[in-house]
Amino acid sequence: MKRYLFALLVVIGFLILAGQVQAQAIVIANPTVKASDVSKSDLRDVFTGAASSLKDGSHVTPVLLKSGPVNDEFLAAFIGKNDTSFRAGWRSLVFSGQASMPKSLDSEAAVVEYVAHNSGAIGYISKSTPHEGIKVLSVR
Amino acid sequence: MLNKHIASAMLAIATLSIGLHAQEFKVGSETVQVHGFGTQGFVHTNDNNWLTMETSNIGSGAFTDAGVNMTMQIRPNLRIGGQVYDRKLGQLGDWHPGLDWALADYRIRPWLGFRGGKVKTVLGLYNDTQDVDSAHTFALLPQSVYPIDMRDATLSHLGGDVYGTIKARKYGKFSYTGYVGDQLPSVRGGYPYLLQIHGVYIDKSQGLTYGGDVRWQTPLKGLLTGVSYEESQVRNTGQLNPSVAVGGPDIMVPYWEQSRSQFTKTIYGTYTYKNLQIDSEYRYFWRHFTIFNGQFQAIVGTHAWYPSAAYRVNNWFEVGGYYSHFDEGWIITAPGQFEAPSESDPSRHIYDKVITARFDVYTHWYVKVEGHFMDGNAAGTNPQYPDGFYPQVNPQGLSPDTNALVVRAGFSF
């Protein structure tokens with residue numbers, strides 16, 4: 001009985017720790033995007049559909065991760081929303097004719113691939129994900 | 001039997017929601033996105049039939065809507081698209097699909113864009129997104145400001161918008177929308193339905209509308225405030241049976257009514273802090289109509305406001321509540337008619353206290369459970385303007401208070 005209880009505690013502890021691991025989301029962009037950094041405010045505007053260009057005039061198209069800790073961290077840290085509220089905002093825009101839905105991809109590798117091959121694309125991945133062929137934007 | 005129909009509808013929605021996903025296809029080199037949504041509601045009231053449904057016995061599931069849209073981003077700053085929408089709400093809508101919006105949107109600069117076609121009208125916080133149930137906490141938005149039986153009264157216009165956002169450095173940013181066009185209220189909405197008690201059958205409703213909205217994203221993070229104004233000159237035409245309300249032969253004759261002055265003023269604010277959202281809105285509506293082929297004048301003025309709060313506990317659960325205040329006054333110059341009684345009379349007001357729980361049970365699939373506790377019906381025996389309670393479905397008369405349970409499930413893809 002004690003053994004099972006110990007195993008249960010280990011599993012719970014692992015789950016708690018796993019939830020607290022910081023994915024360290026970074027913002028990536030297609031090399032055609034002129035900017036090398038982006039303000040948090042501009043990033044929020046682009047990823048909530050309020051703007052389609054950065055301060056330097058670069059036209060950008062956001063691309064999203066479907067779910068996962070990197071997605072949750074990016075939304076919390078840079079957009080200030082949880083996933084459900086974030087997607088509700090996009091549905092308001094799409095179903096009232098004010099925007100097209102950004103592409104949502106299943107994996108970080110797919111985001112890197114898409115951003116690398118689409119002019120103006122801007123997305124987010126974890127720092128540890130290989131990201132060749134794209135540029136990393138620092139967030140001010 | 002009714003429960004069986006509701007269960008079937010719920011099952012169909014659940015099945016559809018799991019099977020349907022956003023689709024894309026190519027036209028030439030361009031991608032066309034396809035998105036859609038649907039909802040099924042059930043309403044039970046302890047007394048009084050509400051929203052043209054037979055809600056007061058076991059309840060009614062005649063509360064369904066759905067929409068499908070296609071959009072194509074032709075250039076980085078040029079987008080076209082359209083949406084078809086259909087609904088059944090008791091005696092309203094009646095499964096007649098219509099073009100909800102269809103537009104071309106050209107954004108030249110962040111501070112200057114144009115939209116043309118059939119465009120959703122920006123008026124207050126949620127007029128243009130009131131059908132997007134999946135984006136809202138509440139099963140029914142505050143009915144004083146967004147009456148679902150009157151959804152299409154100010155919903156869209158056939159014309160053009162100019163819009164944009166101007167950043168004001170440390171003062172936040174300002175967004176504006178200005179528009180002009182033709183308003184096209186549905187003939188299957190609450191107002192034409194109400195007129196049937198007077199022997200009036202509207203078959204066309206149209207008129208010029210124009211207005212604007214300015215909203216300020218303040219330097220205080222999460223706080224937005226704004227004002228909207230809309231004016232319209234609507235003309236309704238159809239058939240009149242004079243024997244019903246004004247005396248005369250039992251025949252149908254041509255009918256018209258025309259607005260002399262009609263406007264809506266709105267002031268609003270919303271504040272978001274982490275998972276908490278607080279909204280508030282005040283709307284004043286004024287309507288001076290020449291009715292019954294020019295014989296009489298009808299003046300209606302309504303005050304509507306609400307504060308609401310919603311808190312998202314986690315990704316699958318949200319709670320919220322609001323207090324919705326509605327009162328109306330009127331003067332009719334027709335013989336035998338009279339001015340409105342005092343506001344304390346139940347026929348002049350609806351004060352609605354609401355509490356909601358929302359469950360996001362699957363990625364694109366949710367259920368809302370909501371309780372309404374209404375003081376007043378703003379209708380009495382001779383309502384002058386729609387407000388949710390209609391004599392046609394309440395032939396026995398109306399009780400002053402109504403409690404309602406609303407369950408609404410939906411999906412989007």
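This report describes the fold of chain A and selected strands of chain B in a predicted model.

**Chain A: overall composition**

Chain A contains five helices and six strands, and, read from the N terminus, its elements follow the order α-β-β-α-β-α-α-β-α-β-β. Of its 140 residues, 46% count as buried. Among the contacts in chain A between residues at least 6 apart in sequence, 67% join residues that are at least 24 apart. The average pLDDT of chain A is 86, and 84% of the residues score at least 70. Over residues 11–21 of chain A, however, the pLDDT is below 50, and this stretch has zero contacts in the model beyond near neighbours in sequence. Where pLDDT is low, the predicted coordinates should not be read in detail.

**The sheet of chain A**

The six strands of chain A form an open sheet with mixed pairing, in the order 2-6-1-5-3-4. Strand 2 (37–38) and strand 4 (103–105) of chain A stand at the edges, and because each has a single partner strand, one side of each is left without a neighbour in the sheet. Strand 4 of chain A runs parallel to strand 3 (residues 61–65) of chain A, to which it is joined by three bridges; within this pairing, A:V63 stands opposite A:K103 of strand 4.

**Helices 2 and 3 of chain A**

Helix 2 (residues 40–47) of chain A lies across strand 1 (25–29), strand 2, strand 3, strand 5 (121–126) and strand 6 (135–139) of chain A, and runs at about 110° to strand 5. Helix 2 of chain A also meets helix 3 (residues 69–79) of chain A, their axes coming within 9 Å and crossing at roughly 125°. At that crossing angle, helix 2 of chain A is therefore oblique to helix 3 of chain A. Helix 2 contributes A:K40, A:L43, A:R44 and A:F47 to the contact, while helix 3 contributes A:F74, A:A77, A:F78 and A:I79. By residue class, the contact comprises six nonpolar, no polar and two charged residues.

The buried residues of helix 3 of chain A include A:F74, A:F78 and A:I79, which also take part in the contact with helix 2 of chain A; A:V70, A:N71, A:E73 and A:L75 of helix 3 are buried as well. Helix 3 of chain A is followed by A:G80, which has a positive phi near 75°.

**Strand pairings in chains A and B**

The table sets out the pairings for which bridges are given.

| Strands | Sense | Bridges | Opposed residues |
|---|---|---|---|
| Strand 3 and strand 4 of chain A | parallel | three bridges | A:V63 and A:K103 |
| Strand 7 and strand 8 of chain B | antiparallel | eleven bridges | B:I166 and B:F174 |
| Strand 8 and strand 9 of chain B | antiparallel | eleven bridges | B:T177 and B:D213 |

In chain B, strand 7 covers residues 156–167 and strand 8 residues 173–183, whereas strand 9 covers residues 200–217. The hairpin of strand 7 and strand 8 of chain B has five residues between the strands, and B:R169 there takes a positive phi near 45°.

**B:T356 and its surroundings**

B:T356 lies in strand 15 (residues 349–362) of chain B. Because its relative accessibility is 3%, B:T356 counts as buried. Leaving aside residues up to four places away in sequence, B:T356 touches B:T137, B:F138, B:A139, B:E318, B:V319, B:G320, B:V369 and B:E370. The C-alpha atom of B:T356 is separated by 26 Å from that of B:V393, which is 37 residues away along the chain.

Definitions and conventions. Residues numbered from 1 in each chain as written. Chains lettered and ligands numbered in written order. Predicted model: local features only at pLDDT ≥ 70, side-chain atom pairs only at ≥ 80, totals over all residues. Heavy atoms only, no water. Pairing = 2+ DSSP bridges. Helix = DSSP H or I, 4+ residues; strand = E, 2+ residues; numbered from the N terminus. Contact = heavy atoms within 4.5 Å. Axes fitted to C-alpha atoms, helices over the stretch in contact; angles between N-to-C directions. Parallel < 35°, antiparallel > 145°, perpendicular 65-115°, else oblique. Nonpolar A, V, L, I, M, F, W, Y, C, P; charged D, E, K, R; others polar. Buried < 20%, exposed > 50% of the residue type's maximum accessible area, 1.4 Å probe, protein only. pLDDT = per-residue confidence, 0-100.
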